[in-house]
Amino acid sequence: MLRSSQPLTGPNRKRCREDEMLLGTVLDEGERGFIIDTRSAQAAKQARMTGGGTEPKSSYPRWRRLHRPLERGRPLQESFIKLVEACNDTSINMDRWLSRLESCRWLSHVKAALSTACLAAQCMDREEASVLVHGAEGTDTTLLVTALAQVILDPSCRTLVGFQGLLEREWIEAGHPFHLRCARSAYSHARLKQEAPLFLLFLDCVWQLSRQFPFSLEFGEHLLLTLFDNAYASDYGTFLCNNEKERCLCKVKETTHSLWAWLNQPGEKKKYLNPLYSHNALVIWPSVEPQSIQLWQGLFFRWIRSSQYLDEAWAEIERLVEGN
């Protein structure tokens, strides 16, 4: 699986022989590959006017392009804000609340992300084909799809250490602009143009996987909540800045502590492990039917609903597992 930004074909349909050769060498003789573009065909076409675009079929004859549009900007942030507002409004009845939940479209974004990740995983697992994923810059929805596809396909990415490595590789080192995307929370009245909860959407999708496959992920919900908190406000430097260049200039690694080092301390690590975990070497194919995608109550209701009983249930499960 490959990931990249969009090709810079522009309105004059410029070619890049080096890029064509690079993608050609990925495929063995007779093989075909898939390009999953996380923009709509119309958006990709419009991008040509500003220098971007897509891979022309004539120049990439062995690659089939599939458009699976995923929201990455202002509409996604507005969806997040509307969901938080709905979850905090305890004055409305159930019918009205369900209507607000549907209208915010957050669960639709979750479904779209999981569906696209499944498509990428199916191309690799069932078609045994190479896959290139890109959007515009390749640092938002591109990373969402490639990271989720790896969790679906690779059991090592479902371990605590493997998942940390996945985040480091697919989000941090790949240049997801955390500083711009997570500048403020959903409670802020400011509406910053660059803000969007792409990383939260990824964590929500992973939570959906953990709920549908409760034995297959070594870590539990507590880790996902901790990652969400630290992406927006942290005592650690792991999610600071927008890319590796900025982190080097700011000397983040020299002047801050790593979140991973803290999580992996023996006393802390136990809090994040799933006591029901059992290694599963198989691919985990999630259902994306509407009845299968649920609201992440542990996150969106965490400030208005006590988790006491759930915490007690997990403690009892841990006690029983350790007893055996």
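The points below are notes on a predicted model, taken up by topic for a reader who is new to it.

1. Aromatic pairs. The count of aromatic pairs in this structure comes to 17. One of them joins Trp 171 and Phe 199, whose ring centres are 5.3 Å apart and whose planes stand at 75°, so this pair is edge-to-face. Trp 171 belongs to helix H7 (residues 160-172) and Phe 199 to helix H9 (residues 198-212), so the contact ties together parts that are 28 residues apart in sequence. Both Trp 171 and Phe 199 are buried.

2. The aromatic cluster. Trp 171 and Phe 199 also belong to one aromatic cluster, in which they are joined by Phe 163, Phe 178, Phe 202, Phe 219, Phe 239 and Trp 260.

3. A charge over a ring. Another aromatic residue worth locating in the model is Trp 285, since the charged end of Arg 126 sits over its ring, at 4.6 Å from the ring centre.

4. Cysteines. How many disulfides does the structure hold? The number is zero, and two of the cysteines may serve to illustrate this. For Cys 123 the closest cysteine sulfur is that of Cys 118, and at 11 Å it is too far for a bond, given that a disulfide requires the two sulfur atoms to lie within 2.5 Å. Cys 182 is likewise in no disulfide, its nearest cysteine sulfur being that of Cys 241, 13 Å away. Both residues are buried, Cys 123 with a relative accessible area of 5% and Cys 182 at 6% relative accessibility.

5. Positive phi angles. Most residues other than glycine have a negative phi, and two residues deserve a check on this account. Glu 128, although it is not a glycine, has a positive phi of about 55°; this residue lies in the loop between helix H5 (106-125) and strand S4 (131-134). Cys 241, named above as the neighbour of Cys 182, also has a positive phi, near 70°, and is found in the loop between helix H10 (221-232) and helix H11 (244-249). Are these two loop residues buried or exposed? Glu 128 is exposed, with a relative accessible area of 67%, whereas Cys 241, at 12% relative accessibility, counts as buried.

6. A residue of helix H16. Ala 315 lies in helix H16 (residues 308-323) and counts as partly exposed, with a relative accessibility of 42%. Between Ala 315 and Leu 201 there are 28 Å in space, taken from C-alpha to C-alpha, and the two are 114 residues apart in sequence.

Notes: Residues numbered from 1 in each chain as written. Predicted model: local features only at pLDDT ≥ 70, side-chain atom pairs only at ≥ 80, totals over all residues. Heavy atoms only, no water. Phe/Tyr/Trp six-rings, centres within 6.5 Å; stacked < 30°, edge-to-face > 60°. Helix = DSSP H or I, 4+ residues; strand = E, 2+ residues; numbered from the N terminus. Buried < 20%, exposed > 50% of the residue type's maximum accessible area, 1.4 Å probe, protein only. Lys NZ or Arg CZ within 6 Å of the ring centre and 35° of its normal.
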